[in-house]
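Q: I've got this model open and I'd like a close look at one part of it. Could you pick a helix and walk me through what packs around it?

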Amino acid sequence: MKKGIVIPVLLMVLAAMVLVACNRQEQPPPARKEAARARTPQPPAEPEVPAHYETEPAKGNLAPTLPPGSFTGRTREAYRAVGEMPELIAQMPCYCHCDKGFGHKSLQSCFVDDHAAHCDVCVREALDAYRMRKEQGLTGPQIRERIVSEYSKL
């Protein structure tokens, strides 16, 4: 009587093992799934653009910048440029990413205190934006496009 039960039970266990083995072959293990995903071309990620004003803000809505006379050299030039064109500079993102670390709203924010005096990225961006306006007559959005193109590579 025991032999009559053992054989069907063994057959059921064997059938279950065959089913499990078949399912494992049909579904690739996670490592194979990841490898397949890695071979699939992914669109390039859009670079994250730091905080900035999309349109020119009213000058009265911006905090005043520090006086350029407090600084020397290129830093003084940058503070002077931002003081002359705060609405333009507010339309520029700052690629030292101080929007995350300091809560700055735009490149103009870097010149409200002495942050820019210690940051070559802020100084270079401000002077680049100033020159593009003065020498080439570009608009805020045109300058921002160039700044993003150039500085997002850093």
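A: Reading from the N terminus, the elements of the protein chain go α-α-α-α-α-α-α. That's seven helices and zero strands, in what is a predicted model. Of the chain's 154 residues, 32% count as buried. Take the contacts with a separation of 6 or more: 67% of them are between residues 24 or more positions apart.

Let's park ourselves on α6, which covers residues 120-136. How long should α6 be, given its 17 residues? At 1.5 Å a residue the helix should span 24 Å, and its end C-alpha atoms sit 23 Å apart, so the two agree. Just past the end of α6 comes Gly137, with a positive phi of about 65°.

Now for what's tucked away. The buried residues of α6 are Val121, Cys122, Val123, Glu125, Ala126, Leu127, Ala129, Tyr130 and Met132. Notice that Glu125 is on that list. And what do the buried residues pack against? Their partners are α3, α4 and α7. Let's take α3 and α7 in turn.

Start with α3, residues 73-84. This helix has 12 residues and runs 17 Å from first C-alpha to last, close to the 16 Å expected at 1.5 Å a residue. Its buried residues are Thr75, Ala78, Tyr79, Ala81 and Val82. They take up an arc of only 160° around the axis, so they lie on the same side of α3. The spacing has a simple logic: an α-helix has 3.6 residues a turn, so residues three or four places apart point the same way. The buried residues of α3 pack against α6, and also against α4 (86-89).

How do α3 and α6 sit relative to one another? Their axes are 9 Å apart and the packing angle is about 55°. That angle makes α3 oblique to α6, and the crossing is left-handed. On the α3 side, the contact uses Arg74, Thr75, Glu77, Ala78, Arg80, Ala81, Val82 and Glu84. Facing them from α6 are Asp120, Val123, Arg124, Ala126, Leu127, Tyr130 and Lys134. Some of those have already come up as buried: Val123, Ala126, Leu127 and Tyr130 in α6, along with Thr75, Ala78, Ala81 and Val82 in α3.

While you're at this end of α3, look at Phe71, in the loop between α2 (30-39) and α3. Is Phe71 buried or exposed? Its relative accessible area is 12%, so Phe71 is buried. Leaving aside neighbours within four places in sequence, Phe71 is in contact with Leu66, Arg76, Tyr79 and Ala117. Tyr79 is one of the buried residues of α3. Ala117 is 46 residues away from Phe71 in sequence, yet the two are 7.6 Å apart in space, C-alpha to C-alpha.

Over to α7, residues 140-151. This one has 12 residues too, and reaches 16 Å from first C-alpha to last, close to the 16 Å expected at 1.5 Å a residue. Buried here are Gly140, Ile143, Arg144, Ile147, Val148 and Tyr151. They fit in an arc of only 135° around the axis, so they end up on the same side of α7. Glu145 and Glu150 are exposed on the other side. The buried residues of α7 pack against α6 and α4.

The axes of α6 and α7 come within 10 Å and cross at roughly 140°, and the two helices are therefore oblique to each other. Here α6 passes α7 in a right-handed crossing, whereas its crossing with α3 is left-handed. From α6, the residues involved are Val121, Arg124, Glu125, Asp128, Ala129, Met132, Arg133 and Gln136. They meet Gly140, Ile143, Arg146, Ile147 and Tyr151 in α7. Buried Glu125 is part of this α7 contact. Arg124 turns up in both contacts, with α3 and with α7.

One last stop by α7: Gln91, in the loop between α4 and α5 (98-101). With a relative accessible area of 3%, Gln91 is buried. Apart from neighbours within four places in sequence, Gln91 is in contact with Gly140, Pro141 and Arg144. Also on its contact list are His52, Tyr53, Glu54, Thr55, Glu56 and Pro57. Gly140 and Arg144 are themselves among the buried residues of α7, and Gly140 also meets α6.

How values were computed:
Residues are numbered from 1 along each chain as its sequence is written. This is a predicted model: local features need pLDDT of at least 70, side-chain atom pairs count only at pLDDT 80 or more; totals for chains, interfaces and linings use all residues. Side-chain values use heavy atoms; hydrogens and water are left out. Helices (H or I, at least four residues) and strands (E, at least two) are DSSP runs, numbered from the N terminus. The expected span of a helix is 1.5 Å times one less than its number of residues. Buried means under 20% relative accessible area, exposed over 50%, partly exposed in between (1.4 Å probe, protein chains only). The arc is that of the directions from the helix axis to the C-beta atoms. Contact means heavy atoms within 4.5 Å. Axes are lines fitted to C-alpha atoms, for helices over the stretch in contact, and angles run from 0 to 180 degrees between N-to-C directions. Angles under 35 degrees count as roughly parallel, over 145 as roughly antiparallel, 65 to 115 as roughly perpendicular and the rest as oblique. A crossing is left-handed if the near helix is turned anticlockwise from the far one by less than a right angle, and right-handed if clockwise.
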